[in-house]
Amino acid sequence: MFHKVKEVFAMHDMRLSVYFADGTTKIYDARRLVDRFPQFKVLENGPLFEDVQVDEGGYGVIWNDELDVSCDELWEHGMETATSFDGLMSFADASELWGLSESTLRKAVSCIQSSPNRQNDLSKIDTPLTRIG
């Protein structure tokens, strides 16, 4: 299964915080790369490690044209961590998942947020979304 990377942040001790499209956040210890592959030694000293970014398409992370890590490696060897944003996803990802337009999702969220009795509104909106999946 393809685990698309949405965001990545460099942390201290050569760790990466990797946020995946499904809402999962994992901490990946990049020191394992240095131990296994000599070309990654340049990440130990200097600012290059902090220049990490998501590869085009979310297939992994990159530092430059020569250093990258696949999304599979990050997923399989990263440690899942809880964050206050767990389970959240963008409107674009949600619309793709449920087969709805972003406009429809935004209207549903707006309805819920403006309602004085949010719990009742959630049950009304949740039922149709559940049937779509």
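# Questions about a predicted fold

Buried residues (under 20% relative accessible area, with exposed over 50% and partly exposed in between; 1.4 Å probe, protein chains only) make up 32% of the 133 residues in the protein chain. This is a predicted model, in which local features need pLDDT of at least 70 and side-chain atom pairs count only at pLDDT 80 or more, while totals for chains, interfaces and linings use all residues. Residues are numbered from 1 along each chain as its sequence is written, and side-chain values use heavy atoms, with hydrogens and water left out.

Me: Happy to start broadly: what pattern does the protein chain follow along the sequence?
Reply: Helices (H or I, at least four residues) and strands (E, at least two) are DSSP runs, numbered from the N terminus. The protein chain has five helices and seven strands. Read along the sequence, the pattern is β-β-β-α-β-β-β-α-β-α-α-α.

Me: Which strands stand at the edges of the open sheet with the order 4-5-6?
Reply: Strands pair here if DSSP finds at least two bridges between them. The three strands of this sheet pair in antiparallel fashion. Each edge strand has a single partner strand, so one side of it is left without a neighbour in the sheet; these are strand 4 (53–54) and strand 6 (68–70).

Me: And which residue in strand 5 is the bridge partner of Val54?
Reply: Strand 4 and strand 5 (residues 60–62) run antiparallel, and two bridges join them. In strand 5, the partner of Val54 is Val61.

Me: Which residues have the most contacts inside the largest nonpolar core?
Reply: A nonpolar core is a set of buried Ala, Val, Leu, Ile, Met, Phe, Trp, Tyr and Cys residues joined through side-chain atoms within 4.5 Å. The largest one has 21 residues. Strand 1 (5–11), strand 2 (15–20), helix 1 and helix 2 each supply at least two residues of this core. Those with the most contacts inside it are Leu16, Phe40, Val61, Trp63, Val69 and Leu74.

Me: Let's zoom in on one of them: which residues does Phe40 touch?
Reply: A contact means heavy atoms within 4.5 Å. Leaving out residues up to four places away in sequence, Phe40 touches Leu33, Val34, Trp63, Leu67, Asp68 and Val69.

Me: Now for charges: how many residues apart in sequence are the parts that Glu73 and Arg32 tie together?
Reply: A salt bridge is a side-chain nitrogen of Lys or Arg within 4 Å of a carboxyl oxygen of Asp or Glu, and the side chains of Glu73 and Arg32 meet in one (2.9 Å, N to O). Glu73 lies in helix 2 (residues 71–77) and Arg32 in helix 1 (residues 31–36), so the pair ties together parts whose separation in sequence is 41 residues.

Me: Is Glu73 buried or exposed, and at what relative accessible area?
Reply: Its partner Arg32 is partly exposed, with a relative accessible area of 26%. Glu73, on the other hand, is buried, with a relative accessible area of 14%.

Me: What is the N to O distance in the salt bridge of Glu44 and Lys41?
Reply: Glu44 counts as partly exposed at 39% relative accessibility, and Lys41 counts as partly exposed at 46%. The side chains of Glu44 and Lys41 meet in a salt bridge with an N to O distance of 3.5 Å.

Me: Finally, which residues do salt bridges that share partners join into one network?
Reply: The structure holds four salt bridges. Those that share partners form one network, joining Arg32, Arg36 and Glu73.
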